[in-house]
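Me: I should like to learn how to read strand pairing, burial and helix packing in a model. Could we begin with the pairing of strands?

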Amino acid sequence: MFRSLTACALALGLAVSTSAVAEWTPPGPIKMMIAFAAGGGADTQGRMIAEELEARHGWKIIPEQVTGKGGSVLAKAMVDQPNDGTVIGLLVTESIGYNMVVAENPGYAVDDFTYLTTTAGFQMGVVAKSEKGWNTFADVVAAAKGGEAIRFGVMSPKLADLAYLLGEAHGVEFNIISVRGGKAVMNGLNAGDMDIGWGAGIQNKAVAAGDMVNLAYGLSTKLNISPTAPTMAELGVDFNADGYFLFVGPAGMPEDAASAISSAIAEIAQDTESKAGGFIGKAFGGAAVLQGEPLVQFMADGVADSEALMAATE
């Protein structure tokens, strides 16, 4: 059901002018609002990108945590910020998709933003500690049907709904625990407070080391790190958690400012020799850059997809 970015769409998104960066000067320091807690994947890449923007272009970047409700707090705050290029935000596509649709009065709409660029896609997996002894998602289902209460850590309303649908598709009911951010899910798994949980890529290091296992993917496609893990469709769920880390500004940013900032960030994300690009490669499997009209269309499609998911869980 959910539409994902295809390789073709991503390629189209790269058609931006790199000369735009040299032709624009910020009118002052740029505040970079970050929607997730310090130390997580979004915060880490955001601060690395900020450092690189300063080093490459001499722009003064001031990172600032604006957290809460899966990026909704930042999105609402962004609406009233100046749109001259001095304020940008790093959140996820879900923040202006499902998290907006599910809220009764979010305080923002999909047209309230200038969409700058995505940097990386989620590597969303259902993860468990290896010591649990589960090698497949079917093992988890068998444990649940055997009477074991399965605590399922989630970090957004959409992922809570997808966890519910996974249980429904297999005739079991998970105890869904909502926390703030993927790092909190990892902490819950390591502390034994959760049995399984969603990870958007933060789990990759532990999976590679053999300490955790990806039992399933919340995506429309498989990833190399766990090629045998099933996708949501293979588990009988028509929806998925395809999504991306996303930079935005307030609606109505001047074209020169938007083009310069989006080009500069995309260049860093795709530069595997940069600290930010290297981190994105390790944590999220490499850059996934979408800009311009394909990104605007993806965000509009996300609203329709979110409404369909909500209807499926009612």
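Reply: Two strands are said to pair if DSSP finds at least two bridges between them. In this predicted model, Val126 stands opposite Ala216 in S9.

Me: How many bridges join S5 to S9, and do the strands run parallel or antiparallel?

Reply: S5 and S9 run antiparallel and are joined by five bridges.

Me: Is strand S9 enclosed or open to its surroundings?

Reply: Buried means under 20% relative accessible area. In strand S9 (residues 212-217), six of the six residues are buried, so the rest of the structure largely encloses this strand.

Me: Where does Gln123 lie, and is Gln123 buried or exposed?

Reply: Gln123 belongs to the loop between strand S4 (113-121) and strand S5 (125-129). Its relative accessible area is 10%, so Gln123 is buried. Beyond its neighbours within four places in sequence, Gln123 is in contact with residues including Gly199, Asn204, Leu219, Leu223 and Phe284.

Me: How should the packing of two helices be described?

Reply: The description rests on the angle between the two axes and the distance between those axes. For helix H3 (residues 41-57) and helix H10 (residues 255-270), the axes come within 10 Å and cross at roughly 110°. Angles of 65 to 115 degrees count as roughly perpendicular, and H3 and H10 are therefore roughly perpendicular to each other. Their crossing is right-handed.

Me: Which residues of H3 meet H10?

Reply: From H3, Ile49, Glu52, Leu53, Arg56 and His57 meet Ala264, Ile265, Glu267 and Ile268 of H10. The residues of this contact comprise five nonpolar, one polar and three charged.

Note on methods: Residues numbered from 1 in each chain as written. Predicted model: local features only at pLDDT ≥ 70, side-chain atom pairs only at ≥ 80, totals over all residues. Heavy atoms only, no water. Helix = DSSP H or I, 4+ residues; strand = E, 2+ residues; numbered from the N terminus. Buried < 20%, exposed > 50% of the residue type's maximum accessible area, 1.4 Å probe, protein only. Contact = heavy atoms within 4.5 Å. Axes fitted to C-alpha atoms, helices over the stretch in contact; angles between N-to-C directions. Parallel < 35°, antiparallel > 145°, perpendicular 65-115°, else oblique. Left-handed = near helix turned anticlockwise from the far one by under 90°. Nonpolar A, V, L, I, M, F, W, Y, C, P; charged D, E, K, R; others polar.
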